[in-house]
Amino acid sequence: MKPLFRYFCIIFMTSAVLAVMASTAPEGPNILLIFSDDHGYEDCGVYGNPTIATPNIDGLAAEGMRFDNAFATQAICAPSRQSLYTGLYPIRHGGHRNHTEVVPETLSLPHYFEPLGYQVHLAGKTHFGPKSAFPFNSLSKSENIFSDSDSMISDYFGELKKVFGSANGPFFIVAATSLPHTRFGFNDGYPAADKYKAADIPLPPYLLDTPETRIERAGYYELVSKLDDDIGTLLTLLKDSPAADNTLVIYSSDHGAGFAFEKWTNYDAGLHVPLIVKWPKQIKPNSASDALVSLIDLLPTLMEVAGGKAPKNIDGKSFLPVLNGESADHRELVFASHTTLGIRNASDATPIRTVRSKRYKYIRNLNPDGHFTNNVTQKGQGGWFSWLDKAKTNTFAAQQVQRYQQRPAEEFYDLLTDPYELKNLAGQAEVQAEKVYLSQQLDLWMTQQNDLGLDAPVTPMNTAWWQVLLAGIVFVIQFFMSLFSGA
Amino acid sequence: MKNTISPLLFASLISTGAVAVEQRPNVLLILTDDQRWDAVGYHDKPLLGIDTPNIDRLAEEGVQFNNMFVTSSLCSPSRASFLSGTYAHTHGVRDNFTDYPRELESFPMAMQKSGYQTAYIGKWHMGEADDSRRPGYDYWVTHKGQGKYYDTTFNVDGERQTVLGYYAHVVTDMANDWIKNRDTDKPFAMVLGHKAPHGPFIPEEKYQNTYDNVAVTYPDSAFKLEGKPEWIKERLPTWHGIYGPLYGFRENFPDMSQAAIVDFQKFVRSYTATINSVDDSVGRVLKQLEDEGILDNTIVIYSSDNSFLLGEHGMIDKRTMHEASIRVPLVVRYPKVFKAGSSVDHQVLSIDLAPTLMELTGAGQLSNAQGQSWVAAAQDKDAEWRESWLYEYNYEEQFPYTPNVRGVRKGDWKYVAYPHGDGGALRHKEELYNLAIDPAEEFNLVDISKHAEKLAEMRDELQLVLKNSNSLPDRMPIDKGIKSELPEASIR
């Protein structure tokens, strides 16, 4: 198929679909989806963290519904975001390798919502492509897949205020901030904290307790609080606008933070995300749901909220019945994958596939012989180098270092008795029935997804020459800075 | 002389009560506080993989009991049962604030009368604020209440003094000194009472990181509360539940988040680490006995006053009749009678120890004893043994996290009732378990119609064991419900 002809076909099909949808759609509420970057489920006051200050996120939960079992499809940026916008698992949308694009014909949020009468805006981080698959009305400064990696909601307060006050039909705004992602060229860990003392930070048990890890964790907390401040300002702007009473507000994140056993892995600290939905007069304030949901379910859910029909050919399923209190449950299982290719400082592929029920998780590591590396192991992010030191004298440290980089073929965890996935039960006789069941479900899902596992095709990285150059310059500068700081 | 008597001959001498005074064995009862049955290295699956080489030595060279239970899972009542061989109903020490009755005969009292020199060293904990000498002990060292892991103030045989150091080692020093300076013309009986692993657990410095590398998980049963009595769910956020303050290991509570397990992990690790010091103590005392040349003529018993729930059914602490609350370690080293490395499956009880020791030492019989000597049963798996036994606990207003408990174990079956205390109908759901197929007590069968007949049988059996133990009319406090308040700081 010639590119021009294919492009024409897509436009034709899309417009046909949109025309049908538009003719039947009643007007829904405004939707404001606040989507953060690398914010783990636990690192939030309303999810039980006693130390971190997130009064605005907590306040949103007090006015809406908190989801305690919401999961990303992959614990890495682009694949997770592209899943959110398309309602498809990463293998199926195609951009399952980080920094790669979806299959060009893929439909996404703007395609689905414009026919429903919505003006669909994106403010902030994109990290998706190609543009044709994500035709947001972009408030962003740039439209390249790598662009706006540093953008924050605060960069768009002016534009957003205008949209809040506009009379051009309901809006759907995705406010995608890059907080609380690591700063400074994205691979040098977290900044120093003022507000939090490293000694006061609670460390989950999979993180080794070293001064270096504590300092970075405190810096991450600081960024989460900065994120929360921005959300506070944004919600005040909304509150003071005509849209205040008719806007459904969602808060969620693409995946967990940039420490070992979080982002880049299929452990819960990577996949388990905060999800809060406020919908004035529709959702009971201060409610909570333990229904199992995936971020791919947001698209169809919101389409139903908007008065449309959820598409049948996507992976996501609407959980509107949970939002309006008609149902307590949603999915029996959620799935996730990880390619590990394309992430910074990656080794050869060590792909992961996972299925999780409310209680159990089964992980299959497709290349158990592979040695996993990333920014953590190569750049020392999250205090990793201090872990290597500790591993010389401490058995637990040695175990953690080993199991982070070298994964067994199978892992199985009981999340109720072992929420931090410290004890792999894959070989234990008493869980074989559950393990076999989940393993079969995973096979089924991989078949449905046309997932070829180790042979799954990956689209090439779309790195521009100037990005390579920029990375080189940054590296040289850092190298010299490290010389000075060392002296 | 003492080394030339064959075990068989010796056993027969004992059983006829014809033990000459100079050959009579010494008795050393090492009694810990709140130690689980699996918190020993010789267990199939030791808690956190704990290594206790010295306690294990007792098992290798002695007899281990695979089914040892306490008839009341609470310090004072259980200690009184160990000493007197009677149920709490009989000895009357119904809570942690009642002293051991001065006139109630204990095995040390009886042995003292029959020519033994007796010593009590360490934790006594009956009669909270009183550390004065009790009848039956020639040498007396204890302290008020719970004592402290470091620098406890003891009444050392009449003289109150603060002894600097870690509890387990301090009492071991005193025990060894006493053994060294004893009257060698007389046999001795000593109770060595440890504070460990009672809360608030403070491990010795050298052991405080021993379990940092062991993954601690909640037991499955913490999440299988369907079909259980409601009070078990009400206990979850309290002082005795997994979401509560965990004896101070958790600052913000109740905490039902997944991060709550972090505090629980510290709690379990600290608990376990205190037992390593007790094991060191056992090693030192055994060496002392060896050095004195009297090890093989000493009956060394290792046990605990009750067990300790570490998350089972969402609980911590003890008091209930669940396995993790009542199942304690028991090993006995006495090579003249018990074969090295042997094990016993009979269900033996706290109240059985005193009658057993009376038989082994030829000190006669305790007139009140309700337990029975297992000297024969420990050597013969087919020996006649009791078919059922009573468990009792009385509601405490100071610790309002467990109702009154009356239960019975018969063979593989366990039935537990929670009487209100007014003699009227039960207000809590009962529990019924078949331990042969459900050792973790995850499936309460009380509502399953298929087991209605068994339920009726067990209800009758409870009345029978109450009657047979002279416990009727069955008086107990009124159950004022499960409460969220914390216990007073002074009695924690």
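**Exercise 1. What covers the buried residues of H9(A)?**

The structure is a predicted model, in which local features need pLDDT of at least 70, side-chain atom pairs count only at pLDDT 80 or more, and totals for chains, interfaces and linings use all residues. Residues are numbered from 1 along each chain as its sequence is written, and chains are lettered from A and ligands numbered from 1 in the order in which they are written.

Solution.

Step 1. Locate the helix. H9 of chain A spans residues 298-305. Helices (H or I, at least four residues) and strands (E, at least two) are DSSP runs, numbered from the N terminus.

Step 2. Find its buried residues. A residue is buried if 20 or more other C-beta atoms lie within 10 Å of its own, exposed if 12 or fewer, and partly exposed in between, with C-beta atoms placed from the backbone. Seven of the eight residues of H9(A) are buried: A:Leu298, A:Leu299, A:Pro300, A:Thr301, A:Leu302, A:Met303 and A:Val305.

Step 3. List the cover. In chain A it includes strands S1 (30-36) and S6 (247-253), along with helices H3 (77-86), H5 (109-113) and H10 (320-323). Contact here requires that the C-beta atoms of two residues, placed from the backbone, lie within 7 Å.

Step 4. Look past the helix. A:Gly307 follows H9(A) and has a positive phi, near 95°.

**Exercise 2. Describe the strand pairing around A:His121.**

Solution.

Step 1. Take strand S3 of chain A, residues 119-124, of which five of six are buried.

Step 2. Find its partners. Two strands pair if DSSP finds at least two bridges between them. S3(A) runs parallel to S5(A) (residues 171-176), with six bridges. With S4(A) (residues 137-138), S3(A) has two bridges, also in the parallel sense.

Step 3. Place the residue. Opposite A:His121 stand A:Ile173 in S5(A) and A:Asn137 in S4(A).

**Exercise 3. Which strands stand at the edges of the sheet S9-S10-S11-S12 in chain A?**

Solution.

Step 1. Read the order. The four strands S9-S10-S11-S12 of chain A form an open sheet with antiparallel pairing.

Step 2. Identify the edges. S9 (334-338) and S12 (410-414) of chain A each have a single partner strand, so one side of each lacks a neighbour in the sheet. From one strand to the next, the twist averages 15°.

Step 3. Examine one pair. S9(A) and S10(A) (residues 352-356) are joined by five bridges, and A:Val334 has A:Arg356 as its bridge partner.

Step 4. Add the helix. H14 of chain A (residues 432-448) packs on the sheet and touches S9, S10, S11 (360-365) and S12 of chain A. The direction of H14(A) makes about 60° with that of S11(A). Axes are lines fitted to C-alpha atoms, for helices over the stretch in contact, and angles run from 0 to 180 degrees between N-to-C directions.

**Exercise 4. Describe the sheet S15-S16-S17-S18 of chain B.**

Solution.

Step 1. Read the order. This open sheet has four strands with antiparallel pairing. S15 (388-393) and S18 (431-434) of chain B are at the edges, each with a single partner strand, so one side of each has no neighbour in the sheet.

Step 2. Examine one pair. Six bridges link S15(B) and S16(B) (residues 405-410), where B:Tyr391 is partnered by B:Gly407.

Step 3. Add the helix. H11 of chain B (residues 452-468) packs on the sheet, and its direction makes about 110° with that of S16(B).
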